Every structure is written in C-alpha cells, then in structure tokens.
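Let's take a friendly walk through this model, one region at a time. Keep the structure open beside the text as you read.

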Amino acid sequence: MPEIAGAGWQYDVPTSGSKHLPPDPGYGKALTNQGYGFEVAIADLIDNSIDADATKIVVHFLRDDERVTSLLIVDNGRGMSDEDLDAAMTVGRRRAYGSDSLGMYGTGLKAASLTHARSLSVISRTRRSRAAGRRLTVAGLEDGFRCDTVDSDYAQSLVDRYDGLIEWQGTIVRWDQVATFETVEKGSTERYLSQAISRLDAHLGLYLHRFLSRGVHIDIVVEHVHTREELEHIGVEAIDPFGYKVPGRRGFPVDLVAPVEGIGGLRLQAHIWPAKSKLPGYKEIGSPADRQGFYFYRHDRLVQAGGWNGHRTAENHLNLARVIVDLPDDSGGVFSLDVKKETITATPAFARGIEKAVDKDGTTFRAYLDAAEAAYRDGASRAEIKRKEVIYPGKGLDPKIRRVVRQELPERCGEDPVTFSWVQLPDDRFFDLDRENHAILLNKSYRDAFNAGRRGGLNDAPVAKTMLYLLLEDCFALGRWERTRQDRIDYWNTIMLSAVLSQRERFLDGQETA
C-alpha cells in the first residue's frame, strides 16, 4: 500500500464544520420494519407502563362477530401531559431514563407499534392534566413525520371507558389496522385468538416474571366491541425459568465469578433443572434445547432466555443447564442489547471470562457443565409414558385449568380449541355437543346450581366443565360418529343431569335451613 507523503496517521479525523441533517421521510419505512414479533412488541410497550410505575396493565383485544378490530394496552401509571406526549411520539427522541428504567433507545413505542399497526394512538392523563392524545400513522411518517392531535372529547371518552383502571392517571396505547388481524382467515378468529393469547401469556409471564412476582398485575382481555361483553379474561402468571423445587443435582445452584475484561468479576448463578420436569418454567417456554444457556437480566427484566452467546453450541445433553446473568449498568462495551430487547451480543471477552469462572469452593464452569450433563443422562435412562395428544380447551374454562392441561398433555395441532357456552337446551339434557364449532353446550336452566344463586361468570362451574372436557374432548376429532358413542353421550347426560338436580336440591335445602 503506498504511503501518504509527509503525513503521519491521525487517530481522530479532523473536521471543518457541521450541519444538522433531519431524517428523510423514507426513514419511516425502516422504522416500521424492525422485525418485532407480536409478543415482543407488546412486552416492549408494557416496559413503558412499568417505567411509569403502573401496577395494573391490561392487554385488550377488541373484536366483532367476524374479526379482531383493535388492540389496546391500558395502564394506571403516571400518565403523560401534552408536552410528554409530543416527546413520546417524536421519532428518535430519547426521554430521560432513570438508573433502573427498562427503556433504552427511545424508539420502542413507535417501532414496536408501527411494525404491526398502520395507526398508533396514545391517549393519557395525569393527576394535573386533562386527557390528551396523539396519533402517528405510517402515512403520517411518509408525510414528513406528521403527528395528529386526538380530539380532546374522544380522548376523555376513551379514558372514561376504562374508569375502573384509570382513576386519576394512566395511559392507553391503541393499535388500529393491524396487519395480523386483517389477514386472519374468515372463521378462524377463535383459533387465532386462542393461539395468540397463549403465546402472549407465556411470553409476558417469562420475560416479566420478576415484576409479576412482585405484584405487577397484567391481564389479557377479549371484549366484543359492540356489546362490550367480556369474551375472555386471563391473568398473566409469572413463569420462573428457575422455579424448580428440587435441583437436578445436589449442591446446585452455585455462584460463579467470571473475570471479564472491561467489567471485572461478573457473577453467574449456575442452575441444573430436574430431568423431565413438567413445571411451566421448563415446559412452557419453548424447546429445552433452545432454552438452555444464559439468561440475561437487565434491571430485573429478562432480555435473553437461553443461548450460549458464542461460548458453545446447544447440545441435548445440556438441556438442564441454565445460568442467570444480571447485567451490570456499566458493561464496559462487552455486552450490547438489540432494540427489541430480546438478544444480547457479547464480545469474545465474555467467552474468555466464562472459561475462567469459579466459585468459592473451586467449582469451575466446566465442572458445572459436566454435572448438568450427568443429570441429563441419569434422567434420560428413566422410561417415560407418552400421553395422547388432545385438542386444548379454550373460552369458558378457567385459564388456570387450561394452563394445567397444557402442562400435562401434548396438543393436537391444527384444531380449534374446545369452548363452553350456556344455551337453552331441552329439560332432559344437561349438555350437548356442537362438533362443527368445537363447542360443549350446557343447559343454562341449570346454571344456578353451580353459582350458589349468584350470576355466573365466563369461567364458572370449573369442576363440571373440566369433567365434561375430559369426557368429551376426543369426540371433536372423530371422522365418523358411531351409535355406541352417541349412546354413551346419552347415558352420561342422564347421569350428569341427576347429579346437577341433586346439587340444586342441596343448595335449596341449605337456603331453607339458613
């Protein structure tokens, strides 16, 4: 390479001036194609709610008879004034983050939302300001980053709609023209919602499990947009990826310290799961091979669930190995987190430090991996009964029961969930089947027998519904309906009806005695 005559190497490039170059409207297309998955995008928005000290958060799907129309995330956090809303909707503007904030880059609200929806509206109120709102659309981005002001009367009316949640302060994020909703095939809305809510429930339960365990409440609700009937309501529960009761190897977990250049001593908590666990923290968060490895937390928020980050490749015999890494505030350039907050990139200094990690008793990282592999091989030698695939239950059965069904039984894929509805049936029938729509129909004339005289809710009569599900689930996957099966349905009906009438009589006798 020819040398530059008369000049030495300059470590800083000299400049002669500067100018401000605002983004071209074409940047909006890049902003709306950040690759956010649906669950990841929702989790990013909930981060903002937690940063605003919200204790109650609702993910609200609105639907009509045919399709899902909108999605809203509602919280009871501090809320935003007009000035705060302008700042929040300004592309590229970063707010002031606290030392324990979950937000980082200032793009999550816009990028996460507009990756999925062509219209993003944010309505908010504080204790000192009236309800106000802003709307950002894909078309507005292309028109010089235009942001619309939401009509003040509408902003107040939307806040009033959630009066039980937003009392003095709170925020509503609304998505419209959501591509995923608009591409659901006609007649498949129930299946889509069941699967989408199940994935969202698991994702939020995992990545936000420390906050859920400390009292933050997150609910997922489906409501009919016209009748306002609540069609589904699930309380998200924490899924602790380290929530086993007994470790898979005696003496674990251990606290290792890895000397990482640029950071110093980095603490690693090395765990070994018990083999063939059926707990949600092992089974419900993805395949064990994908979930082995490092679990990085930033300010108590899980930002990567599994993976070895260049230290090694995934191997089945390490499926029980999981390691907690709480990221330091100053990572010394060793760690970087992507905008979506789901993947950590580490420099080779991390892998070198891992090789030298050791605990106070001299246990090395290599010895830990050997112990995890031994636990896996011991567990693999134990025979396991393979259980029959089932169609999972859906609307009408308590979400806690549905979670247990998912934990205990494998899913028959490609089938709509089995739902429950109270309808008018002949007096001599307690239940009936709608096989075409995968529904178990219960006679509403006998509903009072299960609710002690009170008005029944969506997920009432859990014992009766669970028993019927276990009895009838396999009826929905049959190709040919046999006479013997119909006879079985008939005598089950007769016996169940006798039990229901007996329960009702006991309830009435109890009232008279009281």
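We can begin at the N-terminal end of helix H6, which is capped by Asp151. In this predicted model, a side-chain oxygen of Asp151 lies 3.0 Å from the backbone nitrogen of Asp153.

Now follow H6 itself, which spans residues 152–161. Which of its residues are buried? They are Ala155, Leu158 and Val159, where buried means under 20% relative accessible area. If you look down the axis of H6, these buried residues fall within an arc of 100°, so they line one face of the helix. And what covers them? The cover includes four strands that you can pick out in turn: S2 (68–75), S3 (117–125), S4 (132–137) and S6 (170–178).

Next, move along the chain to a hairpin. Strand S7 (residues 217–224) and strand S8 (residues 230–235) run antiparallel, joined by 5 bridges. One of the pairings to look for is Glu223 with its bridge partner in S8, Glu230. Between the two strands sit 5 residues, and in this hairpin Arg228 takes a positive phi near 65°.

Strand S8 also leads us to the last stop, a cavity, since S8 and helix H8 (189–207) each supply at least two residues of the lining of the largest cavity. The count comes to 1 cavity of 30 Å³ or more, and the volume of the largest is about 130 Å³. Its lining has 13 residues, and the closest to the centre are Glu190, Leu193, Ser194, Glu232 and Lys395. Which element gives the most to this lining? That is H8, with 4 residues.

Terms used
Residues are numbered from 1 along each chain as its sequence is written. This is a predicted model: local features need pLDDT of at least 70, side-chain atom pairs count only at pLDDT 80 or more; totals for chains, interfaces and linings use all residues. Side-chain values use heavy atoms; hydrogens and water are left out. Buried means under 20% relative accessible area, exposed over 50%, partly exposed in between (1.4 Å probe, protein chains only). The arc is that of the directions from the helix axis to the C-beta atoms. Contact means heavy atoms within 4.5 Å. A polar contact is a pair of N or O atoms within 3.5 Å; within protein, one must be able to donate a hydrogen and the other to accept it, and residues adjacent in sequence count only if both atoms are side-chain atoms. Two strands pair if DSSP finds at least two bridges between them. On a 1 Å grid over the protein atoms alone, a cavity is a set of points where a 1.4 Å probe fits but cannot get out, and a pocket is an open set with protein on both sides within 12 Å along at least five of seven lines; lining residues have an atom within 4 Å of a point. Grid points are joined across faces, edges and corners, and a volume is the space filled by probe spheres set on the points.
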